[in-house]
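Trainee: I would like to go through the strand pairing and helix packing of this model with you. Could we take the sheets one after the other?

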Amino acid sequence: MWSALFPLGWGALVGALISRFAHPVLNVWLGAFAGLLLGVLWCVWQGARFELWLKQPFAQSLTRLRGPWRELGERAYRQLRLREQQASAQEQRLQDFLSAIQASPNGVVLLDDEGKIEWMNQTACDHLGLQMPRDLQQHIVHLVRAPAFTKYFAQDQHDQEIQIDTPGTSWGQSRHLSMHLHHYGQGKELMLTRDVTALVLADAMRRDFVANVSHEIRTPLTVLAGFVETLQSLPLDAAETARYLELMSVQASRMQTLVADLLTLSQLEGSPAPSAQELVELVPMLQQLESDAQSLSAVQAHKDVPVHRLVFEVPQVQHVQGSRHELFSAFSNLVSNAVRYTPEGGVIRVSVRLTPEGGMNFSVQDTGPGIAPEHLPRLSERFYRVDRSRSRETGGTGLGLAITKHVIQRHGGSLNIESQLGKGSTFSLYLPVSRVR
Ligand code: ADP
């Protein structure tokens, strides 16, 4: 700062020297005063330029400043640059922080001390059906209109999260959200939202599954227990005892089939996808399917010969890659369903065809009762049955199509069902070209 006053000293000195040596008439003091005045004027002029420069402090315009003012300008410029760098580093950190919160799979909403939205990430917008920046500064209770949330928000403590149902997605599925408020700062709130729809559905499915399994097992168990009681309490002759034992054996084998199907499902779910190394020969498999179908057709009707016309076409594909055991069970489920649900005299046609893109289509077409369109999307759900009594009568567990779909999906393929009430059904299994040899 003091260096800015040097020009005054220099002005006075130069003025005094000029008046002393160059002009004998002039008084030295007067010369020094004039020099000092000129120094002051120069300082004022440079000060004004410095002030002007401060308004737009660019490095290039520093050259317009002279002497100590230039030095002052350079120092001020260095300080300004330092501050700018610090500010932009902080801004960058803030942006990184916000991007990290944006990337979070959970919704994050920052609320001020009145409960108005200060900021939220895109996930929160999606969860709550809100929009940035339209809904900023809106009160959260006015936007999330679930009564459970309003009550929760009004509480002082939010130790637990709450779950609410929101109208959900554009395709009409309702969405379950978990929401948790956390205090932070001066009376502010951090609200976290989590989409728990899949968890809630999985929980409901687990409960349904347990209820279904219990129901399926309870029925034959009750029948078995009844027969055991009868055998214990009533004096029966040999023929009656044999008949009861026969009925008990039917119920026991029903339970065995159910347990076997449940084990198959759990094995399919817990094991890795079948490797493409195993080569499956389709011709012997189809022969086996045909002979099983003939036996089933006869046994079902309590006859010695098949009661359906079974047509097995010559396969257009000889080999596929995958698990022989799994594919046989999937193919066999479709064939046995066709036999079980098609009345006597019906026609069942089984074919293996090559699709135009080189995949394989295994299809079972029957002239059975057909299935109404509303059942088709749910047919491969566990324990879903259209004709419950026919399924039970013929030893069905309600798990056949669930297993079939699982198997074919593990092989990268798909299950397709076409059916018309009263006209019959076609169940097809598609395997992609990568599985066809
Ligand atoms: P299930 O052991 O009861 O046969 P599935 O999962 O194999 O169980 O089949 C589910 C339901 O789909 C059956 O209960 C039946 O109502 C219906 N279904 C399956 N295949 C046929 C078919 N070929 N014709 C008519 N209905 C069928």
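Trainee: In what order do the five strands of the open sheet with antiparallel pairing lie?

Mentor: This is a predicted model, in which local features need pLDDT of at least 70, side-chain atom pairs count only at pLDDT 80 or more, and totals for chains, interfaces and linings use all residues. Residues are numbered from 1 along each chain as its sequence is written, and side-chain values use heavy atoms, with hydrogens and water left out. Strands (E, at least two residues) and helices (H or I, at least four) are DSSP runs numbered from the N terminus, and two strands pair if DSSP finds at least two bridges between them. With antiparallel pairing throughout this open sheet, the order is β2-β1-β5-β4-β3.

Trainee: Which are the edge strands of this sheet?

Mentor: An edge strand here pairs on one side only. That description fits β2 (117-120) and β3 (162-166).

Trainee: Which residue in β5 stands opposite His180?

Mentor: Strand β4 (residues 175-184) and strand β5 (residues 188-195) pair in the antiparallel sense over eight bridges. Opposite His180 in β5 stands Leu192.

Trainee: Which strands does helix α10 touch in the sheet with mixed pairing?

Mentor: That open sheet has five strands in the order β7-β9-β10-β12-β11. Helix α10 (residues 324-341) packs on the sheet, its direction making about 15 degrees with that of β10 (axes are lines fitted to C-alpha atoms, for helices over the stretch in contact, and angles run from 0 to 180 degrees between N-to-C directions). Taking contact as heavy atoms within 4.5 Å, the helix α10 touches β7, β9, β10 and β12 (424-431).
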